[in-house]
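Trainee: I would like to go through the labels used for this structure. Let us test each one against its cut-off.

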Amino acid sequence: MSSASQVMDPAREEAALPDDSGPAGPGDFFEGRPRPVAALAPAGAALLALLVHVFLPDRQFSPPSRLYAWFLSALLAGSLVMGGLRWTRGRLGAWCRYRSPLVAGAIALLILWDLATLKSGWLPQPFFPGPGQVLAAMREDAGPLALSTYHSLRLLLSGYAAGVSAGLVCGVLIGWFRTVRYWGMPLLKVIGPIPATAYVPLAMVMFPNAFLSGAALIALAVWFPVTMLTSSGVANVPLAYLDVARTLGAGRAYLIFRVALPSAMPSIFLGLFMGLGAAFLTLIVAETLGVSSGLGWYLKWKQGYLEYAHVYAALAIMALFFSGLMTALFRVRDSALGWQKGVLRW
Amino acid sequence: MVIPAAGGRADDSSLHLRDVAKAFRKEDGSTMTAIERLTLTVAAGEMVALIGPSGCGKSTLLRMIAGLERPTSGAIHVGGQPIEGPGAERGLMFQDPSLFPWKSVRRNIESGLVARGVLHRYRGEVDEYLKLVGLEAFADAYPHQLSGGMAQRAALARALINHPKVLLLDEPLGALDQFTRMRMQDEVIRIWQARRTTMVLVTHDIDEAIYMCDRIVVLSPRPGRIERAIDVPLARPRQRNHPRFLELRAEILEMLHFADGGPTGVAPAPGGSASGAGGRP
């Protein structure tokens, strides 16, 4: 899981949107160039993609479908609207100004993909279908894909919730109570680093059904980083906060839940992010090994039939699904750790 | 609007230390005596300064009064009640404001009420305290948005909200610039005069001790003992350049062996003895 690359912060980029200035400000990227070019770049790219797809002869067999042409037309219309919105004030306009090069770049990638597959036959079939075929696969299998996504989401969230709950409880206990730390820490250090996926043989016999064993594996994968970072956050609460709270009349519950836990929050969120990355990995492994539903299972099933268009469709949905969850977690962090703005940059 | 403070008689805020000693066990197994049989009485409503070179156990003494550390022997009483541990009737303020960074100024000040589970009864007082320290406009600001002086005022309000009988101040103004510091000294005096809270102020700054306190207790280092206690007979408000003020300061400097060309009787603490007191001309 490339969690490192995902620890860039989409929310902060957008927060910097309204004013286009500042050091390495995103908005002034195209500032010096003639505006109409930047404004029309996405639309131009979409038009080019459409022309390439419709007028260049196919060099590869593919079932005739107009779906991709329609999709590109919709993209063209959307790009034109985006180009127009550039000149409006406010957040939406700023967003369009900032994102249009990126949108143009993404469309350019679609053109290259179409060229490398359908239009030239350069990449071998059936392993590299063109974008049109993937889109067709998505439509054809919309029902099963939606169901798989739902199953994956259900499994992931069950496992993640269980792992986070267990991790928070263990982390606080280990971080706060010296005795628990003495006995718990070595156990954590020995058990924790084993990848959860190594427990697949065990999980399969320990739980009555595949869903539970999958959820348990995900929970285990999440539990370790959350426990580790929660306990280190709690154990490293600045002593002055505790001293002050004690002289204010705080009891143990206040010290743990109102001082140690909030103070450990930045560290806990690191654990939550690492846990989410581990959960994605474990989810897919669990679904390809034992659980017979979900996106991972779908992927493996379609691979068996060499239906690579469907494999790519599932991968695309997975990308949206995972990055959507990451973004959601970033949002939660930003609202929970608003007090940190200006203290730390991360 | 009087909150009955927890424990002891509500009106008695005197502080008694009897034969208090504190020894620490060092890593090599030997013991280090930080404070040796120290006896001190602070009358209710009195403001007393503890000064002395680093290593004389001033902060340790304050932490023992706060209940954060236990004396090895001896007893500490506040209002006739022995100290068993930290409690809301003894407020503490450090050189670092130590505001909870995840809480707004208002929530920081409320902390003591929340910790004692009485916020619902005294919620109205929070605004009074914000006003008392002049932070009404910053009630919703977070600590990182405050200047050093503002943060220290918020910490002062937080320490006062529980109506402590004794307020313990551990170099509370040490990190502030000279102007903010003098303004804050006046603020603390104003609040002290209004509330008549018993205050114990640990400071390195002789001027601050003379300007603020009724009595100055000079401690000697390793082990900490009371070298002398000096009454400050100046009328309030005090003038920092009053002849008697300057006389008193010279007297204390001499006592700390900074006036006559270096320490003689008192063993200097390695590195740190001259930090605050000696640094001032």
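**Labels and their reasons**

Mentor: Start with the overall picture of chain B, keeping in mind that this is a predicted model. Chain B holds seven helices and 10 strands.

Trainee: What makes a residue of chain B count as buried, and what percentage of the 281 residues are buried?

Mentor: A residue is buried if 20 or more other C-beta atoms lie within 10 Å of its own. In chain B, 44% of the 281 residues are buried.

Trainee: Why is A:Tyr308 called partly exposed?

Mentor: Count its neighbours. A:Tyr308 has 19 other C-beta atoms within 10 Å. Buried needs 20 or more, and exposed needs 12 or fewer. The count of 19 lies in between, so A:Tyr308 is partly exposed.

Trainee: Where is A:Tyr308 found, and what does it touch?

Mentor: A:Tyr308 is in helix H14 of chain A, residues 308–336. Leaving out residues up to four places away in sequence, it touches A:Pro126, A:Phe127 and A:Pro129. A:Val134 is 174 residues away from A:Tyr308 in sequence, yet their C-alpha atoms are 8.2 Å apart.

Trainee: Back to chain B. How do you know that strands S1 and S4 of chain B pair?

Mentor: Pairing takes at least two bridges. Five bridges join S1 (residues 15–25) to S4 (residues 73–78) in chain B, so these strands pair. They run antiparallel. On S1, B:Leu17 has B:Ile76 of S4(B) as its bridge partner.

Trainee: What is the strand order in that open sheet of chain B, and what makes a strand an edge strand?

Mentor: The order is S2-S1-S4-S5 in chain B, with antiparallel pairing. S2 (31–42) and S5 (81–82) of chain B each pair on one side only; these are the edge strands.

Trainee: Which helix packs on this sheet?

Mentor: Helix H1 of chain B, residues 58–66, packs there and touches S1, S2 and S4 of chain B. Its direction makes about 115 degrees with that of S1(B).

Trainee: How do you know that chains A and B touch?

Mentor: Contact requires C-beta atoms within 7 Å. By that test, 16 residues of chain A are in contact with 21 residues of chain B, so the chains touch. On the chain A side, H11 (239–247) and H12 (252–289) are the elements giving two or more residues. H11(A) gives the most, with seven.

Trainee: Which classes make up that side of chain A?

Mentor: The side of chain A that touches chain B has 11 nonpolar, three polar and two charged residues.

Terms used:
Residues numbered from 1 in each chain as written. Chains lettered and ligands numbered in written order. Predicted model: local features only at pLDDT ≥ 70, side-chain atom pairs only at ≥ 80, totals over all residues. Helix = DSSP H or I, 4+ residues; strand = E, 2+ residues; numbered from the N terminus. Contact = placed C-beta atoms within 7 Å. Axes fitted to C-alpha atoms, helices over the stretch in contact; angles between N-to-C directions. Nonpolar A, V, L, I, M, F, W, Y, C, P; charged D, E, K, R; others polar.
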